[in-house]
Amino acid sequence: MNKVLVLDDDKFTRAFIKSKLEKFDYSVTVFENPRDLFDSQLLDQSDVLLLDIYLGDTNGTDVLKNLKSDESYYNIPVIMITGAEDDSTMEACFRAGAYDYITKPLNDVVLRARIDSAIDQFRKLNNLGEKI
């Protein structure tokens with residue numbers, strides 16, 4: 001079972017994502033703030049992280065930069081989720097190390113496809129690294 005972590009400050013978004021992904025047989029753990037995510041020590045056991053860009057007083061791209069600066073978590077694919085569709089926000093996410101970017105309102109079919117793609121690509125890269 002694929003393990004998905006969700007960091008979003010909006011309880012309705014967390015509930016929506018958890019409900020939809022559990023129907024697709026993912027194991028989903030949700031977090032309201034970055035501190036709880038990092039304290040959980042679940043990052044190294046996850047297959048993908050869905051990360052909201054706007055987390056109240058915290059910027060999701062800063063959380064992403066922090067995550068990607070740690071070698072232990074560098075190979076976890078991160079999909080940013082947000083209501084913003086402007087090019088500068090998307091660029092900031094990709095420059096910070098995001099694998100993908102999904103805009104709200106979330107579509108469960110697109111969400112599943114993007115998660116599956118991220119997990120598949122990162123597993124292939126990890127397997128390639130092990131063979132070299």
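Colleague: Quick one on Val-110: how exposed is it?
Modeller: Partly exposed. This is a predicted model, and in it Val-110 has a relative accessible area of 33%. That falls between the cut-offs, under 20% for buried and over 50% for exposed, so "partly exposed" is the label.

Colleague: Which element does Val-110 sit in?
Modeller: Helix 5, which covers residues 108-131.

Colleague: And what separates Val-110 from Thr-29 in space?
Modeller: Their C-alpha atoms are 19 Å apart. Along the chain, Val-110 and Thr-29 are 81 residues apart.

Colleague: Going back to helix 5, what's in the loop that leads to it from strand 7?
Modeller: Pro-105 is in that loop, with strand 7 being residues 100-103.

Colleague: Is the peptide bond from Lys-104 to Pro-105 cis or trans?
Modeller: Cis, with omega near 5 degrees.

Colleague: Switching to backbone angles. What's the phi of Asp-25?
Modeller: Positive, about 70 degrees, although Asp-25 is not a glycine. Asp-25 lies in the loop between helix 1 (11-23) and strand 2 (27-31).

Colleague: Buried or exposed, that Asp-25?
Modeller: Exposed. Its relative accessible area is 51%, and the cut-off for exposed is over 50%.

Colleague: What about Gln-41, what's its phi?
Modeller: Near 60 degrees, again a positive value in a residue other than glycine. Gln-41 is in the loop that runs between helix 2 (34-40) and strand 3 (48-52). At 58% relative accessibility, Gln-41 counts as exposed too.

Colleague: OK, on to the sheet. Why is strand 1 said to be largely enclosed?
Modeller: Because four of its five residues, in the stretch 3-7, are buried. The rest of the structure does the enclosing.

Colleague: How many bridges join strand 1 to strand 2?
Modeller: Five, and the two strands pair in the parallel sense. As a marker to find on screen, Val-6 stands opposite Val-30 in strand 2.

Colleague: How many bridges are there to strand 3?
Modeller: Four bridges join strand 1 to strand 3, and these strands also run parallel. Here Leu-5 is the one to click on, opposite Leu-49 in strand 3.

Colleague: Where do the side chains point in a regular strand?
Modeller: They alternate between the two faces of the sheet.

Colleague: Last thing: what do strand 1, helix 1 and strand 2 make together?
Modeller: A right-handed β-α-β unit. Asp-25, the residue with the positive phi, is in the loop between helix 1 and strand 2.

Definitions and conventions
Residues are numbered from 1 along each chain as its sequence is written. This is a predicted model: local features need pLDDT of at least 70, side-chain atom pairs count only at pLDDT 80 or more; totals for chains, interfaces and linings use all residues. Side-chain values use heavy atoms; hydrogens and water are left out. Buried means under 20% relative accessible area, exposed over 50%, partly exposed in between (1.4 Å probe, protein chains only). Two strands pair if DSSP finds at least two bridges between them. A crossover is right-handed if, with the strands pointing away from the viewer, the path from the first strand over the helix to the second runs clockwise.
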